[in-house]
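Thanks for coming, everyone. Please take a look at the structure on the screen, and then I'll walk you through two parts of it.

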Amino acid sequence: MGQPASRRIFIDFVVKLLLILAVIGGGVALLYYNKDNTVYFKQTQGQVAGLLELNGALQKTSHAYLNFADGDTTQLDSLKKYRKLIPQSKKVLASFVSANEIYNHDAVEIAKKLVEEEDFYTIQLELSAHAHGNLTPKLAFSDKIGSTAPLITQLVKLLRDDLKNRISLNDSFYERLGYLVIAFGGLILIMVVVLYNRSQRSYRRQLLHDKEIYEAKLSAQAANNAKTEYLGMISHEIRTPMNGVLGLSNLLLQGTLSAEQREYAKTISNSAESLLRIVNDILDFSKIEVGKIHLDATSVNIRALIAETFAQNLPPSTPQLSISFKVDKNVPNAIYCDPKRLKQVLLNFLSNAVKFTEKGHIILECAVIDKDEFGKIRLGFVTKDTGIGIAEDRIKQLFKPFVQINQSTMRKYGGTGLGLNIAYNLITMMGGKVKVKSEVGKGSVFTFFITTNEAVEKKAPKTIKEDVKLVLDDKLSTHYPFKILVVDDNEINLMLIIKTLGKLGYECKKASNGQIAVDMVKQEHFDLIFMDMQMPIMDGTVATTEIRKHYRIYEFPVVVALTANTLGDGKDKCLEAGMQDFIAKPFKPAEIEEVIKKWAPKIIDYKSKHQSN
C-alpha cells in the first residue's frame, strides 16, 4: 500500500517548504547582490563625474592662465573665476581616501600634483596683483601647468575599465542566474508533476478503496435483506404449523379430557409456547439488526405491569426459592413506555435468574433514580439472584448475540443466547443503560434504567392467573349473529378458525385464496372476514382492495388480517390495504372471540343505518 498517509503528507509538506525557502533565499540573495552593485555603480559613476569636473576646471584654469601670460589681460577675471572652481571640484578626491580603495594611491598623487598646480596659480595671481597686471617673465611658465590632468585622465580610465568589467561580470551573473532560475523552475515543475502524479495515484487508490467499501456495503445490505426475507419466510413457514398446534391444543384443553389427557395436552401447549419464544427471539434480533423495531409508547401502570409479569410468566415461590418484587413508593403509578417491550426486557432478566438459580432468592426492585426540571424520569430496575454467578472475564460477552458463558451452561440450561442482547438493545432504545455485577457461586445483579415521563394514570388491567381456564363464549353468535367468511390457503388453519368459530356458535364459510373470496363477496353478503395475507393466485392485500372497491365503503365489511409474518411492516401493509385489524399467527382461540367483540358494535351500527338499503 506504500507509505502511510501521515508520512506522505509530512514528506509533501517538507518538499514544498524547502522549495518555498529556496525561492525566498534566492530572492534575498539577489536583493543583496543588486544592492551592492547599485551602490558600487553609483559611487564609481559619481567619482568619474567628479574627476571629469575637476579635470575640466583645471583645463579652463590653465587655458586662461596661458592666454593671460601671453598678454591677454582680459583673461585675468576668467583665471580668477576658474581658479575658484578647483577647490569645489577637488572634493571628489576625498571619496577615494575615505573609502580606502585600491585607487587611494592614485588619488593621493593627483591631490599632491593638484596642490602644486593650485599653489602656482595662486602665486602668479599674487604677483600679478603686485605688478599691476605685469607678469614676471621668469615665472610666467612652468611644468606644473597642466601636470594634474594626465593623472586624472588615467584614473578616470581605470575607473571606467573597472565599471566595464563589473558590468560584464554582472551580465554574466544574470545570465547564469537566468539559467539557474530556468533549472530551478524545471526542478519545481518536475516536483509538482511527481507530487501531482503521486496524489493522483493516492486519489485513485482511495476511490478504489471507497468503491470496494461501497460494493461491500451493498453486498452486505443485499445479504442482510436476503436474510431478512428468508427469516420472514421461515417465520411464516414455522408459525403456520405452530398455529395449528397451539390453537388445537387450546381447543383440546377446553374440552372434556381425563387427567392424563389434559396433562398431555398441556405439555403439548407448553412445548409449542417454548418453541414460539425461541422463534420470537430470533425474529426480534433480526428486526433490531435491520432497524425495524419501533416502540409504541403509551400510558402504563408500572406496578400492574410488574405484578402481571410475575403472575403470568414466572413460577410461584417455593421454600427453596423466593421470587418477589418491590416497587418504591416514589415511583409514579403510570409512565409512558412500550408495555410489551418493557415486559419483554423484565422477562429476559427474570427468566435468566430463574433458569440459573436453584435456591435462595430472586428479587426485582424498581425505583426512581432522578427527575429533571423538564419532567424526564430515569426509572431504575435491579434484578438480584443467588444463582451460579458469572466470571468477571465473561461479563463483557453477556450482551453479544448467540453467546453463552460456556458450553456446559448451554448443554445444561439451553437457550439461544439472544435474550440479553435483545434486552440490551431495547433498553438502549428506551434511553437507558445496563450494568452487571456478579460473583461465581454467589449470584448476579443486573441493573438498568429507562428514560420516561410520568403519565396520566389509567385503570389497571386485570391480572389473569395462569390456573384460570379461558372458556369460549358459546352464546356469542346469539348476541352477534354475523355472517363470517374465513380465507386461508392452509387446510389446518382453516379447520382451526372454523372450529374456533364453531365453539362460539358460528357457522362460517371458507375460501382457499383471495380470488375465490372476492367472487363470494360479490355474490353474498358478509359482516366479518378473516383474511390470510399470503395466498396463491391472489393474496390478502389485493383481495381486500378488490372487496373495498366492490362495497365502496371502508368500514364494512370488517376485514381482520391473519398473518404468520411478523418481521417487517406487515401490519402497516394490512392497514394500508383497507383491513381494520391484525392477528398474528399462531393465535389463541380467545383472540378470535376478542376481535369479534371489539368490532361487533360498529358492525351492528352500520347494519342498523343501512338496513333499508
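One term before we start: two strands pair if DSSP finds at least two bridges between them. Also, keep in mind that this is a predicted model.

Let's begin with the sheet. It is open and has five strands. Their order is S2-S4-S5-S7-S6, and the pairing is mixed. Which strands sit at the edges? They are S2, residues 321-327, and S6, residues 434-439. Each of these pairs on one side only. From one strand to the next, the twist averages 15°.

Now zoom in on S6. Its partner is S7, residues 443-453. The two run antiparallel, with six bridges between them. Find Lys435: opposite it, in S7, stands Thr447.

Next, a helix on this sheet. H7, residues 302-313, lies across S2, S4 and S5. Its direction is at about 170° to S2.

On to the second part, helix H13, residues 514-523. Which of its residues are buried? Gly514, Ala517, Val518, Met520 and Val521. They cover an arc of only 165° around the axis, so they fall on the same side of H13. Here is the general background: an α-helix has 3.6 residues a turn, so residues three or four places apart point the same way.

What covers the buried residues of H13? The cover includes strands S8 (484-487), S9 (509-511) and S10 (528-532), along with helix H14 (540-551).

Last, look at the N-terminal end of H13. Asn513 caps it. A side-chain oxygen of Asn513 lies 3.0 Å from the backbone nitrogen of Gln515.

Definitions and conventions
Residues are numbered from 1 along each chain as its sequence is written. This is a predicted model: local features need pLDDT of at least 70, side-chain atom pairs count only at pLDDT 80 or more; totals for chains, interfaces and linings use all residues. Side-chain values use heavy atoms; hydrogens and water are left out. Helices (H or I, at least four residues) and strands (E, at least two) are DSSP runs, numbered from the N terminus. Axes are lines fitted to C-alpha atoms, for helices over the stretch in contact, and angles run from 0 to 180 degrees between N-to-C directions. Contact means heavy atoms within 4.5 Å. Buried means under 20% relative accessible area, exposed over 50%, partly exposed in between (1.4 Å probe, protein chains only). The arc is that of the directions from the helix axis to the C-beta atoms. A polar contact is a pair of N or O atoms within 3.5 Å; within protein, one must be able to donate a hydrogen and the other to accept it, and residues adjacent in sequence count only if both atoms are side-chain atoms.
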